[in-house]
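Reader: I have a structure to go through and would like some help reading it. Can we take it a piece at a time?

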Amino acid sequence: MTNEGRIENFRPEKPSAIRVPSKKRLRKEIFGTFYRRHDAERGMKHFRAIFALRLFVAFWTTSSASAQVASDAPSPELPANAADLNGLLYMKDWNGLGAALKDADQTPVTRVKAMNWLQRRVLRGAEYFVVYAYMRELWTVGTVSQSEGMRQTAGAMALYAYALIAIDGAKCQDLTAPGNRMTQLLGLNPSTFSFVKSQPAETKAKMIDLAITIENRTSSARRDDDLLCRGGLEEYKAAFEGGTQTEVPNSTGHFGKTFQVEPPADWKPKFAPPEVYRPKQEIARNAMREALLKLIQ
């Protein structure tokens, strides 16, 4: 179904060793992003030669100097279409948002600005789509630029995405939908999760701390996430009963006919009432640290 392709093209106890900062300091200390302006006249082609995107993450280092640099960071530059991105996010137009992010991601410099926007929205409680997109961008740029810090932060975002599915997915009336998202997250990002598993125990603990801290800080701001509740049995049922079916080319090596099914245009996933999902969310939150430790063993 089309929704499955949109991503790709609990209140935990505060650990004694981790200081939970305010949202403003969280943005500055955890995700302080710095870069040099692109010198177009030099025609630099490699990401590391075009800009230096460094993450001074307090959880990754005990260096007071690094923390000071992060806290002194200026407000990050946003893409020219930031207002459009905000509007698409407000409307939960995931296809449109994905296309607009792609338009804002044409050069290394504009890519940094798009990542700044993603970062800001993640820290303000944006939905799973935005968290996933930010994770993928961090991983891609971190891999190309050989930035260990960016890949570690991408790993933390992957763990946060996992937590979102488990916690906010509890709101879905069709509980098969978040299960599909979990399968998608793990199946489409093997390199990211393998990288996390390969990290020292101390780094793994810091990644988990970061994921849990962000989930805790954004829980009250997060809206019902329809994307987490799509792609389940209820949507498939609606698609077969009253939607559209379009024949599409077969994948190589497959025989017979292949159809793409879409639910009716006005179909929307349903959410469970608060008295049903809130107890499930608290159970998931209380078990999340242990679940994440088990996931990355």
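Author: What follows goes from the whole chain to aromatic pairs and then to two backbone angles. Keep in mind that this is a predicted model.

Reader: How many helices and strands are in the protein chain?

Author: The protein chain has 14 helices and 4 strands.

Reader: And what share of the residues is buried?

Author: Of the 297 residues in the protein chain, 49% are buried. The accessible surface of the chain is about 15000 Å², and carbon and sulfur atoms account for 51% of that surface.

Reader: New topic. How many aromatic pairs are there?

Author: The count is 3 aromatic pairs. One of them is Tyr128 with Tyr132: the ring centres are 5.9 Å apart and the planes stand at 50°, so the pair is tilted.

Reader: Why tilted?

Author: Planes under 30 degrees apart would count as stacked and over 60 as edge-to-face, so an angle in neither range is called tilted. For this pair the angle is 50°.

Reader: Where are Tyr128 and Tyr132 in the chain?

Author: Both are in helix H8, which covers residues 128-144. They are 4 residues apart, so about one helical turn separates them.

Reader: Buried or exposed, those two?

Author: Tyr128 is buried, at 0% relative accessibility. Tyr132 is buried too, at 1%.

Reader: What about Trp139 and Phe195, how are their rings placed?

Author: Their centres are 5.4 Å apart and their planes are at 65°, so this pair is edge-to-face. Trp139 belongs to helix H8 and Phe195 to helix H11 (residues 190-198), so the pair ties together parts that are 56 residues apart in sequence.

Reader: Are those rings' residues buried or exposed?

Author: Trp139 has a relative accessible area of 16% and counts as buried. Phe195, with 10%, is buried as well.

Reader: Switching to the backbone. What is the phi of Lys92?

Author: Lys92 has a positive phi of about 55°, and Lys92 is not a glycine.

Reader: Why mention the sign of phi?

Author: Because most residues other than glycine have a negative phi.

Reader: Okay. Where is Lys92?

Author: Lys92 is in the loop between helix H5 (82-90) and helix H6 (94-103). Lys92 is partly exposed, at 24% relative accessibility.

Reader: And Gln146, what is its phi and where is it found?

Author: Gln146 has a positive phi near 55° and is likewise a residue other than glycine. Gln146 is in the loop between H8 and helix H9 (148-168).

Reader: Buried or exposed?

Author: Gln146 is exposed, with 58% relative accessibility.

Conventions: Residues are numbered from 1 along each chain as its sequence is written. This is a predicted model: local features need pLDDT of at least 70, side-chain atom pairs count only at pLDDT 80 or more; totals for chains, interfaces and linings use all residues. Side-chain values use heavy atoms; hydrogens and water are left out. Rings of Phe, Tyr and Trp (its six-membered ring) pair if their centres lie within 6.5 Å; planes under 30 degrees apart count as stacked, over 60 as edge-to-face and the rest as tilted. Helices (H or I, at least four residues) and strands (E, at least two) are DSSP runs, numbered from the N terminus. Buried means under 20% relative accessible area, exposed over 50%, partly exposed in between (1.4 Å probe, protein chains only). Accessible areas come from the Shrake-Rupley method with a 1.4 Å probe; for residues, only the protein chains shown count as cover.
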